[in-house]
Structure formats: structure tokens, C-alpha cells
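Here is a short briefing on a structure with several chains. Keep the 3D view open as you read.

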Amino acid sequence: MKRTIALATILLTSVAGFAPLKADQKEVTVWSWFVQSTMQNSIKAFEKAHPDIKVKYTYYNYSPEYITALKAASASDSLPDVIGLQPGSLTQQYRPQLEALNGPAAKDWGDGWQDKMFPVNRKQILMGNPPGDQNIYILPQESQDLVIWYNTKIFEKLGITVPKTYGDLVAAAKTLTKGGIIPMFQGAADGWQNENVYLMLANQRAAGLVDKAQKGEAPWSSPELLQAMKDWRALFTDGVFQQGALGAHAYPTGAQLFSQGRVGMMALGSWWMQESKFPPPRSQYVQNMDGFDFFYMPALNGSDHASPPVGGVDIGYGLTKNGGRNPSAWTFLASLTNGEGLQEALNDLNDLPAFVGHEPKGDVSPHVKAMYDRFMADLPKAENQRFAIPAIADALDSALAAVASGSQQPEDALKAVQDATDKALKS
Amino acid sequence: MTTRIAGLEPANLTVHLGLGLVLLLWMVPEAYMVSIAMRAPETVFDPTLFTWPLTFDNFVTVIKDNPLPSFFLNSLIVTVATVILVLAVSSLFAFAVAVLRLPGTTVLYAVLLTTLMVPMASLVLPLAILLKTFGWVNRYVGLIFPYVALGAPFAVVILKAFMEDAPKELFEAARVDGCTPWQTFIHVTLPLVRPALVFVAIWQFIVTWNEFFLALIVMTENEMKTVTIVPMQYSGLYMANPGALFAILTIIALPLIGLYVLVQRAFVRGLLAGAVKG
Amino acid sequence: MSQTLTASPAGRTLAEIRPHRGRRQGTVYLFLLPATAFFIGFVAYPILWVFDESLMRAGSDGVRHFVGLGNYLATLQDPIFWLVLRNMALWGLITIPVQMLIGGLIAWFIERHTQQWRGFFRTMFFLPVVTSVSVVSLVWAQIYAPYYGIAQNYLQVLGITMTDSALGNPATSIYALIVVNIWQWTGFSMLMYVAGIANLPSEVLDAARIDGARGMRLAGSVVVPMLAPVTKSLLLLGIIGTLQTFPIVQLMTGGGPSHSSEVFGTDIFRQSFVLGDTNTGATLSVIVLALAFGLTLAQIVFLGARLGGRRAAR
């Protein structure tokens, strides 16, 4: 035992004295849930342009890992220089630890820099700020447009055309199911995927109404939102979504089955194009996105138009107070959102840019380029997909799951969302 | 004498077959893990337990791509140090309570058991603040010390019960022979509870090796990460290739399983000797 | 052993030590010191921190102010809290006895009826305990999946069609998770009973070896009560495990759908990390702590339950 204790003492003193080496170089620390391989490319490009700065990136899965690490680091004042953020609730949660970016951005990019951002992004980055606070705490890197992707080769094989109405959609789902293909894969165990589909439905029924409801400017019991809730339930009962959707996850299961041609349709976003840039082996469908195209949620019963584009900021970055004391941190942030770092992300087709005047370079097929242009044309018209207060998003997630499973009526479910909204806005 | 098959009597053969059948069912998830790790991307989520052909590509990919040895080294350092410290502090504590006697042990016992039940999610934030204050974020001690604190109560409970069950005469004899408490501890008590120490060591090893919540917030630099947080680190990288993800999971699971197979005799012996008394 | 390691001089007799209680207590204190220091630093302090947070509320400006029991009242009025309590009760009431029953039966057959294969069975049934939760969650989600899942693939042979994932139905999600927990932890109960059975006096086992109904009855009426200490230990460990439940639920359902599988761990996580409400998370933590303390005392008082305690049981 004596020997053991001695050993333990040696071990302890040696480990306690261990500290990570600090190089002479300037260093920037970054945390995010952004795809690691793409981020490494961005960092490589940045470091090439700024040889005196070294970027240390730590990747986390979004939930539970990233939000846990962020919260713990924020509580203990050990946040890195730059953190990945979503506009609205996530940014607001860390607002006290974030620097306002208006100043440095205007200095580097000129006074009109905000005009180069897509309108929906401009709106989202201020979401949840206290009244009168025009400070920008999150700089968007990429935008997204939520759509329904479909497998063109399977559609062709089964003789299905792109659905124009809800009836077409249900018929397409039936044909797919009969052909042994999962009709529309919904990872309904993930709150975010459910929110996305509901936003497509609700914005078709009444564009922008969810946005008003979350601000308390319109009731959640509005007939259009109620109808959208019923439409949502119908997607399950009419067999558009696969059986057992409520127990399924979009990643990795759904995405994997979709990319391998086992699924007909899936509600995802413009980021789906990045699959074609993932390391091989890639399926014949994913290769140059040859097997994929997208459409918007077709006209629901009683509606005469498809859903409008819904989307906004995919991911943005914030400069922490720690990062504010490190001049290199802003240099990297600027490159990542609007410089050579962004270019690398776009080249990987990670998603759409947040600022105008960028486009992917390198190995991009005409089909991908055409889809990219369609997205970019739709983006300025996009409706907001984000929530300012996490409790409201949480209540909506819960309501959507309850309605989907039939354990709650749409009216009661929306009332619960209303209660949560009232409570959140009051405090 | 009835006919024997494979040296077993018919009744026993039935039991073996029954156990085997239950085991087969029990092993489905384990087999499935290995099976997915050996699949190509297009068959990863096929609804069958086994697919053909098998491929080792995923293993090659993840071993080539990742500095796995350094993650294993971090895990090993943290785990071994934790196990040693837990054994040291908990046996000392248990000795003081069980052999030297102290008033109010029931209260102490209740407090220890209660803290065993606190969910980790409750402790993460205050621990993060504490570790930052000490400058122990991204240091091995930052993980080892909390692990010791959280692991010691269980070890104390086991060792204390064991020491209390040991024959009192031995301790008396030691005192009569003029042993100090320290000598009694080293020469009499520790050899006596060796099987329980082995049990505690193995259990603590398993628990520490698999912990990921605290590791996640303490080890934020890639060089310091332990092996259990690696799958989450790389699930983004292998988003399009779950087979590779499962290959990593298998690689991580195997050493622990191998270790358990190696030490299971000692582990069960610890149990048999009464680490948890029947 | 060298004397330099200890303050007390060697060669003292028992009679000499006894009168100097003060000095002896001093030594005892040294034995207690390391564990106590770790405990105070890394368990007691965090608990105090949590307790403090539970009495505060942070405004939107980030400034905290004292609200007394306000957080507690709000939590008790939250229907999700009662759902969590129900789920925790279900979790404990189902997993603990079922794991004991299956584990005990497997242990009995292994110990009484196997020879060469004993080590093999003991090891294999224990493997799920050492398997990482990330693996367990991904694999089981795939097993439960209807339509493209593997359970469905084999149930088809029996003519059964799953129409829904048990994980995705609010009425069944908690039970689906309980099944996973039972799968993972039965091996632990098995091993504890293995130890218990091996330690039974051989006369009892010889008597139980009698074939037929009488043997079974004997086993039931004699062996089961004699294994009571193991059962009590498993009960205590089961309660600990129940209150600690987190990763498996978080990774498989995240407490959903619609909070139907929410447990203390996920609810604390949701409040403090997802919703950013540290104070409510802390309040829930303190409630868990109080509950744990109550359950521990109840066990000590009513069952004399002690891990491994021979004395209390006999």
C-alpha cells in the first residue's frame, strides 16, 4: 500500500504539473457543432492568409454535448474566443458574455455592410434583443432554406411526378410505400425537424403568423395556425410520414437511408447538398446530387399555393468577452463569416452564404449549380424559422409530438403553447 | 446412467440450451454493434442482424484518421489514477469508521448514500466553476479529483461492510501486539479485505472509463480528451458513414470488454468473498 | 512498516493507547481526512452551490435576487414535474424487481447446473453492463424502429407487424426505455446473486438439489430468504441507479415525445442547459436530493438495508 500511495503521489504531482503547451504564435480558440472536416478546410485557408495566427477548433455534437459545454464554460467564465451560435434563443442565452459586433464589422466592411445580408438574416440576428438594443451579437456565416428533398431516380422509376397538391403528395407516398420505399422520412424524435415541417405548413396557411404568435402579437389559436396543426396531424394519419416516425431520428438514421435510396422524400434544408462533398464512398444518388432535387410543401387542402421559403441563418458565430481581448479572434471571425474561411465552407457546399456576393467554387456540377441558384433566388423571400425564446420552442416541440401521436387535440396543444408564450413574455 | 451429450446429463443439457437461448437473445444488441461496424454505407441500416459481405474498411478508416492512441492514453491515465486514489482514500476512511469506531456512523452512512443518488446533471455547473477557479480545466486532475470524490462513497460502503465482518479478534490481537492504528491498517486490515479492494478497483475502472458527461466539460482541448467522448467528436465527421462511427464505438468497447473477461474471475472472487455479502 | 509514516511511537500497548483518547481521535481524524477533503470539495460544495441557486432567480439582465421558496412552488405546479415523478416511480418499481427476478433465475441456473461453461455465462451476461451508452442507444433505436427496424424483420416471420415505434408513442415510451435498462443491468443482478448463491451453506443446497416439486418449493422457501441481503443491496443500488438515470433517456428520446419519458436527469438537463434556467434546474436537483435522503433513511430504518452488511441482516 505504501508503494501504491507513493505511486499515486508521483502520478498526481506529474499530472498536476502538466499544462498544454502554448506556442509563440497568436492563438484563437473556437467551439462549434460545425462539420469538422469543412471547418478544418476553413481554418487551413485562414492560417495560410494569416500565418501568425493559429486556430484551435473543438467540435461538439449540438445536443447534449455542445449546449452542455457552452453552459458550463459560461458559468465558469472559460468560454473560448469564438463560439458557434444560432440566432434567437441560443444567442440570447449568452448575450451577457458576448461582444457587440457592429463596430468591428463596420470598420472592416464599411457602413453599408448590413445591407449585404439577406433580409431574413438581418431580422434574425437581432431576435430577442431587449427593446432598443440594436447591437449585433451573432454574425451569420451561412443561410438555409427549408424544403422537401426527393429522390428523382426513385420518383422516375415509380412514375411519380413532383406533387403539386396535398392529394398528389398522399398519392406519391402511397406509391412509394407500395414500391417498398419509405415515403417521407420524418425524424420526429427530433424537435427541430418537427418545427421545420410545421413552419412550412403554418407559413403556407398564413405567412409570418407564427412569428407574430411567438411575439405575442397574434394568438396561437388563430384559425390558420390551428389548421396547420391539423395538417401536421394528417401527414401522419395519411401515411405521408413513415410508420413509427415519432421514435426516429433524422441523423444519422434518416439521412443515411435517404442518401442510400431507401427513402422517397425528406424535409431538410439547403445543407443537404453537402452530402455530395462528404468523403467517399458515396452512393450514386449523392454523387453530384444526381439523385436529388427539391420542392416546397405542395398546396394543402383549401390552399392555392405551395409553402413559401422558410429559413434564415443556418449558423452564425459570436465573439465572447474573452475573444474581445484577443484581436486575432475578430480577424478569424471576419474570415469565417465573410472571407476565405466562408469560401471553403461554400466550396464544400455546406450551405448558402449569409452575405450576397459569394458562391461555391471548384468542382460543382451544373445540376448542383442550378439548385444553388434556385435557393439563392428564394432566400430573400424566406420567412423566419427561428424562435426568440427557448421555452416557446420547447412548448411547440411538445405540442407537435402530442398532436402527432394523437394524445392531444390540436386546440389543446396550441393552448399549451399559448400558456408557455404568455409565461415567457411576462417574465 | 442415461446417455450423455458433450458430457452433460439431459437435465443439465436442457438448462444449458435454455441459458444459451436466453444469452443469444441478450447478445443481439452487442452483435448488432459489431455487425454495423463491418458494413458498407449502403447496407448500414439494413433491417437485418447480419449483412454480407463483411468489410473491415471502417476500422481501417477510423484508425488511420484518428489519433486513437493518445485518447486511450488520456483515458488510461485518468482511470488508473482515479482507481488508485479511490482505493487509498476509501480504505483509510472505512478503516477509521469500521475498526477504530466513531460515533454517529449512521448519519455519515446516510449522507454518503444520499450523495450517491445526486444526478450528474446537477453537479456539472458548480464543478465547472470550481475547476476553473483552481485552473484545472483541461488538466488530468480536473477529472481525477471529482471522480475520486464521486466514486469514494460507494467504495467506502463496500469496504466498511467488509471490515466490519472481519473477525474482531484479529484487530484486538494487533493492538495487543503493539501495532499502531497505521500498522493495523497496513498489516492486518488491507490483506484481509484484498478481495473487496479488487472488486472496488474493477468496478471503479469500469465506471470511470465509461463516464462522459464530466469529461465533456473538463476536457475541451482535443489533446486532453478521453476516449468515451471521441464518438461524439467524430459523429459529425462520419455523418455519412455510420459504419465508421460504429467501428470507433467497437474499438472503444473492446478493451473494456477484454479487460473484464481477463479480470472477471478476480471480480467474482471479490463478490464471493463477500464484497457484497450473501 | 516503518514508523516514520505515523505520528504514534511503536511498541505501545493497547492499555497505553486507551487512556489517551484525544490522541487516538487525532489519528482517526487523519484517516478520515483525505476522503473527507475530496467529499467537501467536489460533492458538498457543489451541493451547497445548487442549494443557493435554488433560492435565487436571475432576471433578464443577469442579476440574481432572492426569491425564497418561489422556485419550489413554481416547480411543484409544473405538470411536467409530476410526470417525472410518475416516470421515476415506474422506473424503480419495474426495473428493480424484474432485474432481480431475471438475474436471480439466470444466476441460479448458472451456479447450480453448469460447470465448464460457468465462467462463460457469467461473463457474457455481464457484457451489457460494460457497454457504452452511446452504443446502446443507437442500437436499440434501430431495434425498435418499425418498418425498417430489425425487430420487425424477425417478427414478420411470426406474422406480427409493428405499426409504431414503442419509443415514439407517449403511452409506451417510458416502458420501451425501461426494457433497455433491464437489458443493460440484469447482468449486474445476476452477478450479485451468483455471489450470494455460491456463499449459501452447502446443506441448504444439497437439500434443494432434490428433484421435482419439493426441490423447487425448498428453493423458494429457503434459498430466497437466505438471499435477502443480496436483494436488499440490489434494492439500494437500484434506487441509486433510478435517480441517476440520464444518458440512456437523453440519447434515445430526450425525454419525449411530449415529456412522456422525462426523468429527473433529463428534466434537470432541459431546464438548466436547453432552456438556460439554472435556478429551476437547481431547484429540481435539491428536490432529488431530499427525495434521495428520505429514501435512504427509510431503507435504513425499515429494512436495515446496508450494502454488504451481514450484521444488519442476521
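Among contacts in chain A between residues at least 6 apart in sequence, what percentage join residues at least 24 apart? The figure is 79%. Keep in mind that this is a predicted model. The points below take chain A, then chain B, then chain C.

**Chain A: overall build**

- Chain A holds 18 helices and ten strands.
- Its radius of gyration is 23 Å, close to the 22 Å that the globule rule gives for 427 residues, so chain A is as compact as a globular protein of that length.
- The C-alpha trace of chain A spans about 70 × 65 × 50 Å along its principal axes.
- Of the 427 residues in chain A, 56% count as buried.

**Chain A: two domains**

- Chain A is divided into two domains, and each is written as two stretches of sequence.
- Domain 1 takes residues 23–143 + 312–374.
- Domain 2 takes residues 144–310 + 386–426.
- The C-alpha centres of domain 1 and domain 2 of chain A are 27 Å apart.
- In the contact between them, domain 1 of chain A gives 21 residues and domain 2 of chain A gives 18 residues.
- On the domain 1 side, four elements of chain A give two or more residues each: α4 (89–93), β4 (139–151), β8 (310–319) and α16 (366–378).
- Which of these gives the largest share of that side? It is α16(A), with three residues.
- The domain 1 side of this contact in chain A has six nonpolar, eleven polar and four charged residues.

**Chain A: a closer look at strand β3**

- In a regular strand the side chains alternate between the two faces of the sheet.
- Strand β3 of chain A covers residues 82–85.
- Val82(A) and Gly84(A) point one way from β3(A), while Ile83(A) and Leu85(A) point the other way.
- Are these four residues buried or exposed? All are buried.
- β3(A) runs parallel to strand β1 (residues 26–32) of chain A, and two bridges join them.
- In that pairing, Trp31(A) has Ile83(A) as its bridge partner.
- β3(A) runs antiparallel to β8(A), and four bridges join these strands.
- Here Val82(A) stands opposite Leu319(A) of β8(A).
- β8(A) also appears in the domain contact described above, where it gives two or more residues to the domain 1 side.

**Chain B: helices and burial**

- Chain B has 13 helices and zero strands.
- Of the 278 residues of chain B, 55% count as buried.
- Among contacts in chain B between residues at least 6 apart in sequence, 75% join residues at least 24 apart.

**Chain B: two domains**

- The domain assignment splits chain B into domain 1 (10–60) and domain 2 (66–275).
- Their C-alpha centres lie 32 Å apart.
- Ten residues of domain 1 and nine residues of domain 2 of chain B take part in the contact.
- On the domain 1 side, α2 (28–37) and α3 (57–65) of chain B each supply at least two residues.
- The largest share of that side, four residues, comes from α2(B).
- The domain 1 side in chain B divides into eight nonpolar residues, one polar and one charged.

**Chains B and C: annotated regions**

- For chain B, an unreviewed UniProt entry gives the annotation "transmembrane region" to residues 12–29, 76–100, 107–131, 143–162, 196–219 and 239–263.
- Residues 143–162 of chain B are 100% helix and 0% strand, with end C-alpha atoms 28 Å apart.
- Residues 196–219 of chain B are 88% helix and 0% strand, with end C-alpha atoms 32 Å apart.
- For chain C, an unreviewed UniProt entry gives the annotation "transmembrane region" to residues 28–51, 88–111, 123–145, 174–197, 218–243 and 282–305.
- Residues 88–111 of chain C are 100% helix and 0% strand, and their end C-alpha atoms are 33 Å apart.
- Residues 174–197 of chain C are also 100% helix and 0% strand, with end C-alpha atoms 33 Å apart.

**Where chain B touches chain C**

- How many residues of chain B are in contact with chain C? There are 83, and they touch 89 residues of chain C.
- The chain B side of this contact divides into 61 nonpolar, 17 polar and five charged residues.

Key: Residues numbered from 1 in each chain as written. Chains lettered and ligands numbered in written order. Predicted model: local features only at pLDDT ≥ 70, side-chain atom pairs only at ≥ 80, totals over all residues. Domains from an automatic or database assignment. Contact = placed C-beta atoms within 7 Å. Nonpolar A, V, L, I, M, F, W, Y, C, P; charged D, E, K, R; others polar. Rg over C-alpha atoms; globule rule 2.2 N^0.38 Å. Buried ≥ 20, exposed ≤ 12 C-beta atoms within 10 Å, placed from the backbone. UniProt positions renumbered as here; feature names shortened; annotations may be inferred. Pairing = 2+ DSSP bridges.
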